[in-house]
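Here is a small set of exercises to work through with the coordinates open beside you. Try each task yourself before reading its solution.

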Amino acid sequence: MALSFLVRLRHGRFDAAAAPGRGEWPPHPARLFCALVASATDDADWAVLRWLEQAGSPQVFACATARTNQARRSGYVVTNTTSPSGGSQSWPGRTSGERVRVSVLPAVDEFAVVWPQADADDATLGRLVRLARRVPYLGRSTSPVQLSVMPDVPEQRPDWMCFQPTTLGSVHSIELRVPYPGYAEQLRAVYAEGRRAWEVARAVAYAPDTAAAVPPGDDPPVSAAYADLVVFGFDGPLAPIPGNDVLTVTQALRKATLSRVADPVPPQVSGHGADGRPHVAFLALPDTGHRYADGHLLGVAVAVPQQLPAADRRSLLRGLLADGGMHRLNLPGGRQVTLSYQPDRSRPRGLLLERWTSSGARSWTTVTPVMLDRYPKAHTAADDLVARALVSAGYPRPDQVDLLPAPAVAGGVFAPRRGSLPEGRDRRPLLHCRIQFARPVRGPVVAGALRYLGVGLFVPEDEGSVL
């Protein structure tokens, strides 16, 4: 008893963007459902789609993210936007703009979306086969597919791993958009109103089957010092908060978190009496990595250590998310910032988990500078101190550390605002850098003397995100 859709990428690539400038992998199950919706022609088709949306969140069998490459294309195209001054010589009054297209090139040109508990009768299965045959592509029209339907789980391929639904806070979880009860009608409604499908998207956490994550002979990704991020966006009308206010915001975030966690506050949450164990880190998330990035803060995140005991973890998550979740930060000067917890959000990229929690990357670069633990001595180079800071934070020692005069990521924060250091904290050297690990490392990556307040935050390097 199962229902599977086997997808073969005819050109060996998947053209869809998870975020601006970054390809989507593994493919979101909602992509498949939307393609089936686009193929529906009569009431019987819609009845089958309503049945499928009730079947729960499916599994995804695909090659590991580490077994994919990305290709990037860009060019200027005529848009539907009009302007008195125009912009296109061929279409007066129409503007033109640069468009970037990213493709994912997986090691295996097939993947499967599987509902392991779905039990389709012959009539339902026949309708689904009919719908599948009409699907010409997934994602963009430039990635044609051949879609097959089977009433069973497909035979496991050597290069496949299983991404399956998990619970909030699971280690190394990612978010995938999925169908849900009422999704088909929601899609019909937004189409009739001329809106986009992502406006009614919902996402759930998925966890990879790490036993099958890396084929033999490949280096498995190294686990991060932190298991997960709980992300809150800034909500409502708000004057942009500049990135150099990172410490002002993260100190307010720490204070708000401690006020909501039940006594006694766990040592790794408060930072007092943790006996050398990693603390919870309070992060500010800047707008970075795209052409117009200016580094203003989009929101905040609380990073949960891998070594946090289960009871302390529950206490922390209860404090952050109970009763509608933490919803306000009080900044100096009486200023208040409203927070919004939306785990199913699809934009902006800076508030998506995958922006900071890569499933495995070797090259990382700072968006906020690393504060060294001490001043470099004559016999100790600054790059060695950066490497030691990463080891102290729980990561492997990088093979290479390149010191940079300024952030390499568009919108990176040069330094925290002067005067915003925590009281009693000595000002030590702040350095931007690019690091290279011998093996892929899962994020988030944050290191240095002020890592628990978000100074020393890295992002995985991808094409188009660095200057």
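The exercises below concern a predicted model, and each is followed by a worked solution.

**Exercise 1: a sheet and its helix**

Find the strand order of the open sheet of five strands, and say which strands lie at its edges.

*Solution.*
- Step 1: Follow the pairing across the sheet; the order reads 14-15-13-17-16, and the pairing is antiparallel.
- Step 2: Look for strands that pair on one side only; these are strand 14 (281-286) and strand 16 (328-331).
- Step 3: Add the twist, which averages 35° from one strand to the next.
- Step 4: Now find the helix that packs on the sheet. Helix 7 (residues 310-321) touches strand 13 and strand 15 (297-305), and the direction of helix 7 makes about 10° with that of strand 13.
- Step 5: Zoom in on one pair. Strand 13 (residues 226-234) and strand 17 (residues 335-340) run antiparallel and are joined by two bridges; in strand 17, S340 is the bridge partner of G233.

**Exercise 2: two packed helices**

Work out how helix 2 and helix 3 are oriented relative to each other.

*Solution.*
- Step 1: Two packed helices are described by an angle and a distance, both taken between their axes.
- Step 2: For helix 2 (residues 43-53) and helix 3 (residues 122-134), the angle is about 105° and the axes are 10 Å apart.
- Step 3: Angles of 65 to 115 degrees count as roughly perpendicular, so helix 2 and helix 3 are roughly perpendicular to each other.
- Step 4: List the contact residues. Helix 2 brings A44, D45, V48, L49, W51 and L52, while helix 3 brings T124, R127, L128, R130, L131 and R134.
- Step 5: Sort the residues of this contact by type; seven are nonpolar, one is polar and four are charged.

**Exercise 3: the nonpolar cores**

Which residues have the most contacts inside the largest nonpolar core, and which helix gives the most to this core?

*Solution.*
- Step 1: The largest nonpolar core has 56 residues, and L3, F5 and L36 have the most contacts inside it.
- Step 2: Helix 1 (residues 29-39) gives the most to this core, with six residues.
- Step 3: Take F5 as a test case. Leaving out residues up to four places away in sequence, F5 touches residues including L32, L36, L52, F111, W115 and L128.
- Step 4: Apart from the largest core lies another, of 38 residues, including V231, L283, L351 and F437.

**Exercise 4: cis peptide bonds**

Where are P264 and P444 found, and which residues do their cis peptide bonds join?

*Solution.*
- Step 1: D263 and P264 are joined by a cis peptide bond with omega of about -5°; P264 is in the loop between helix 5 (246-260) and helix 6 (267-270).
- Step 2: G443 and P444 are joined by a cis peptide bond with omega of about 5°; P444 is in the loop between strand 21 (430-441) and strand 22 (458-460).

Key. Residues are numbered from 1 along each chain as its sequence is written. This is a predicted model: local features need pLDDT of at least 70, side-chain atom pairs count only at pLDDT 80 or more; totals for chains, interfaces and linings use all residues. Side-chain values use heavy atoms; hydrogens and water are left out. Two strands pair if DSSP finds at least two bridges between them. Helices (H or I, at least four residues) and strands (E, at least two) are DSSP runs, numbered from the N terminus. Axes are lines fitted to C-alpha atoms, for helices over the stretch in contact, and angles run from 0 to 180 degrees between N-to-C directions. Contact means heavy atoms within 4.5 Å. A nonpolar core is a set of buried Ala, Val, Leu, Ile, Met, Phe, Trp, Tyr and Cys residues joined through side-chain atoms within 4.5 Å. Buried means under 20% relative accessible area, exposed over 50%, partly exposed in between (1.4 Å probe, protein chains only). Angles under 35 degrees count as roughly parallel, over 145 as roughly antiparallel, 65 to 115 as roughly perpendicular and the rest as oblique. Ala, Val, Leu, Ile, Met, Phe, Trp, Tyr, Cys and Pro count as nonpolar, Asp, Glu, Lys and Arg as charged, and the others, Gly among them, as polar.
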